[in-house]
Amino acid sequence: QVQLVESGGGLVQAGGSLRLSCAASGRAFSTNAMGWFRRAPGKDREFVAIRWSGGNTYYADSVKGRFAISLDNAKNTMYLQMNSLRPEDTAVYYCAAQPARYSGISYYTDAERYPYWGQGTQVTVAS
């Protein structure tokens, strides 16, 4: 069983920063990869970032250079450091765990393929 709990969301001015946390229990940290997704109002859930167990990371073009994903194994917690936030970053952010191994990046950016999800945390960026 895998449990994921996000925290750290809130209201921030454009240009500001937030750090989201995803506390994991169960077998989450033994999975192949863990990622962040977001859902903006009226839009589908979209990929944000992913970190594989080996340490490699991959980001959506929209957040590359502004967001950074990291892992603290001692605390069983994954983080998403978000800098230079923009109003279009406003969304509910979710962390997800992916135990399966795929051969292409498109599988890892597909939210439908993730079996484990947290409840989400709201991020609102005011202009």
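## Strand 8 and its hairpin partner

Strand 7 (residues 67-72) runs antiparallel to strand 8, and the two are joined by six bridges. Keep in mind that what you're looking at is a predicted model. One of the matched pairs here is Leu71 with Met78, the latter sitting in strand 8.

These two strands also make a hairpin, with four residues between them. Have a look at Asn76 in that turn: its phi is positive, at about 50°.

## The neighbour on the other pairing

Strand 8 has another antiparallel partner, strand 3 (residues 18-26), again over six bridges. Here Ser21 is found opposite Tyr79 of strand 8, while Cys22 has Met78 as its bridge partner. Met78 therefore turns up in both pairings, but let's simply list its partners: Leu71 and Cys22.

## The sheet as a whole

Now zoom out a bit. Strands of a sheet are held together by backbone hydrogen bonds, in a parallel or an antiparallel way. In this model, four strands make up an open sheet, ordered 1-3-8-7, with antiparallel pairing. Strand 1 (2-7) and strand 7 are the edge strands, each pairing on one side only. Going from one strand to the next, the twist averages 20°.

## How enclosed is strand 8?

So how many of the six residues of strand 8 are buried? Five of them are, if buried is taken as under 20% relative accessible area. That is why strand 8 (residues 77-82) counts as largely enclosed by the rest of the structure.

How values were computed
Residues numbered from 1 in each chain as written. Predicted model: local features only at pLDDT ≥ 70, side-chain atom pairs only at ≥ 80, totals over all residues. Heavy atoms only, no water. Buried < 20%, exposed > 50% of the residue type's maximum accessible area, 1.4 Å probe, protein only. Pairing = 2+ DSSP bridges. Axes fitted to C-alpha atoms, helices over the stretch in contact; angles between N-to-C directions.
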